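Reader: I am new to this structure and should like to understand the terms applied to it. Please show how each label follows from a computed value.

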Amino acid sequence: MTSTIRTVGVCGAGGTMGAGIAIVAARAGFRAISYDVGQDRLDSARAQTAAFFDKSVERGKLPAEERDAIMARSETTTDLAELGECDLVIEAIFEDLQVKRKLLGQLDAVCPPETIFASNTSTLSITEIAAGCSRPDRVIGLHFCLPAQLMKLIEVSPGLLTSEATLETAWAWTEKCGQMPVKTQDRPGFILNALLVPFNNDCIRAVEAGVAEPADIDRAIKAGLGYKMGPLELIDLIGLDTQVRLCEAFYPVTLDPRSATPPLLRRMVAAGQLGRKSGRGFFAYEGGKMFGA
Ligand code: NAD
């Protein structure tokens, strides 16, 4: 039997993904409780959320009363016990198995037995995360894409012990939020990252091998394959350090040589060339503009 979701908790809601996920929930009419360890992070996420909806009002896409109602449904807390009122709690905290398992154990103690726990992990096993609590049948993967408030796709991945009812409830919730759910197995990287991490590495190795300049590789992929963004520009956006972390999560599990960190990527990260956020990666960035492409 599926359960009704009214109140949604988001853990790590002061972070990049959590803030966006809380927007998705509140915008769809759910009471959204944002939880993080630091009130300062929550305050700055709330200010960004307000700015996001203010812009929609200015553009005439959202009535001012609706913005006010969404903001009134959006709460923040640093007290985990307040998540005891949630029907669904989505965690988007650091990508670390032990940290996520510990959080699920703490949530287990404060939430009623029927509350569903979802993880936004990109690479970790849902089944292993679920082992941190006493209700693995009520744990599921809901992998949002960056930025969550704009990207529709959610990869929905049941773990080995996830019940059919949990899958149905979580799936229905994503649809109520106006998102596009896609079912995947509990495998590292699900669909997107499993295909993207090796492909992005292939492109980095092509640069390293001197096959072509980064700008020409991106141009070829865009013009020849119809991609909206070139892979090297995308890696700059994701962050070269994040790409290293993804490789380090994938390679030991898959032993796929294409998932191993390319030496050039490691050198660029050591040199502080992290992509868009540091002003330099495969391309250079200044004042929001990209150079070298
Ligand atoms: P982030 O570092 O921007 O945010 C993490 C937040 O979690 C921080 O605000 C931190 O204070 C908080 N936090 C850490 N430990 C906590 C705890 N025990 N309790 C409560 N809050 C805690 O990270 P992010 O990039 O938003 O990634 C979060 C998760 O989302 C990861 O699992 C990541 O793999 C996944 N993800 C990231 C992206 C992306 O492009 N950044 C995309 C999809 C999924």
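Reader: Why is glutamine 179 called buried or exposed, whichever applies?

Author: In this predicted model, the relative accessible area of glutamine 179 is 7%. Buried means under 20%, so glutamine 179 is classed as buried. Glutamine 179 sits in the loop between α6 (164-176) and β8 (180-183).

Reader: Which residues is glutamine 179 in contact with, leaving aside its neighbours within four places in sequence?

Author: With those neighbours set aside, glutamine 179 is in contact with Val24, Arg27, Ala148, Met151, Lys152, Leu153, Ile154 and Thr174. Each is listed because contact means heavy atoms within 4.5 Å.

Reader: How do you know whether serine 259 is buried or exposed?

Author: The relative accessible area of serine 259 is 2%. The limit for buried is under 20%, and serine 259 is therefore buried. Serine 259 belongs to the loop between α10 and α11. Beyond its neighbours within four places in sequence, its contacts are Pro198, Asn201, Cys247, Phe250, Tyr251 and Thr254.

Reader: What is noted about phi of leucine 255, and is this residue buried or exposed?

Author: Phi of leucine 255 is near 55°, a positive value in a residue other than glycine. The residue lies in the loop between α10 (240-254) and α11 (263-270). Its relative accessibility is 59%; exposed means over 50%, so leucine 255 counts as exposed.

Reader: Why is phenylalanine 190 placed in its accessibility class?

Author: Phenylalanine 190 has a relative accessibility of 7%. Because buried means under 20%, phenylalanine 190 counts as buried. Its phi is near 50°, which is positive although the residue is not glycine. Phenylalanine 190 is in the loop between β8 and α7 (192-208).

Reader: Which peptide bond is cis, and what is its omega?

Author: The bond from leucine 146 to proline 147 is cis, with omega near -10°. Proline 147 is part of the loop between β6 and β7 (153-158).

Reader: Which residues of helix α9 are buried, and what covers them?

Author: In α9 (residues 231-238), Pro231, Leu232, Glu233, Ile235 and Asp236 are buried. Their cover includes α7, α8 (214-225), α10, β9 (284-286) and β10 (289-291). Just after α9, glycine 239 takes a positive phi of about 105°.

Reader: How many residues surround the ligand, and which are the closest?

Author: The ligand is surrounded by 20 residues, of which the closest are Thr16, Met17, Asp36, Glu95 and Lys100. The shell divides into eight nonpolar, eight polar and four charged residues. Both α1 (16-27) and β6 (139-144) supply at least two residues each to this shell.

Reader: What makes the approach of glutamate 95 to the ligand a polar contact?

Author: An N or O atom in the side chain of glutamate 95 is 2.5 Å from an oxygen atom of the ligand. A polar contact is a pair of N or O atoms within 3.5 Å, so this pair qualifies. For lysine 100, the distance from a side-chain N or O atom to a ligand oxygen atom is 2.8 Å. For serine 122, a polar side-chain atom lies 2.9 Å from an oxygen atom of the ligand. Taken alone, the ligand exposes 840 Å², and the protein buries 81% of that.

Reader: How is the protein chain divided into domains?

Author: The chain is divided into domain 1 (7-183) and domain 2 (194-280). The centres of domain 1 and domain 2, taken over C-alpha atoms, are separated by 29 Å.

Key
Residues numbered from 1 in each chain as written. Predicted model: local features only at pLDDT ≥ 70, side-chain atom pairs only at ≥ 80, totals over all residues. Heavy atoms only, no water. Near = heavy atom within 4 Å. Polar contact = N/O pair within 3.5 Å; in protein donor to acceptor, adjacent residues only side chain to side chain. Areas by Shrake-Rupley, 256 points an atom, 1.4 Å probe, with all protein chains shown as cover. Helix = DSSP H or I, 4+ residues; strand = E, 2+ residues; numbered from the N terminus. Nonpolar A, V, L, I, M, F, W, Y, C, P; charged D, E, K, R; others polar. Buried < 20%, exposed > 50% of the residue type's maximum accessible area, 1.4 Å probe, protein only. Domains from an automatic or database assignment.
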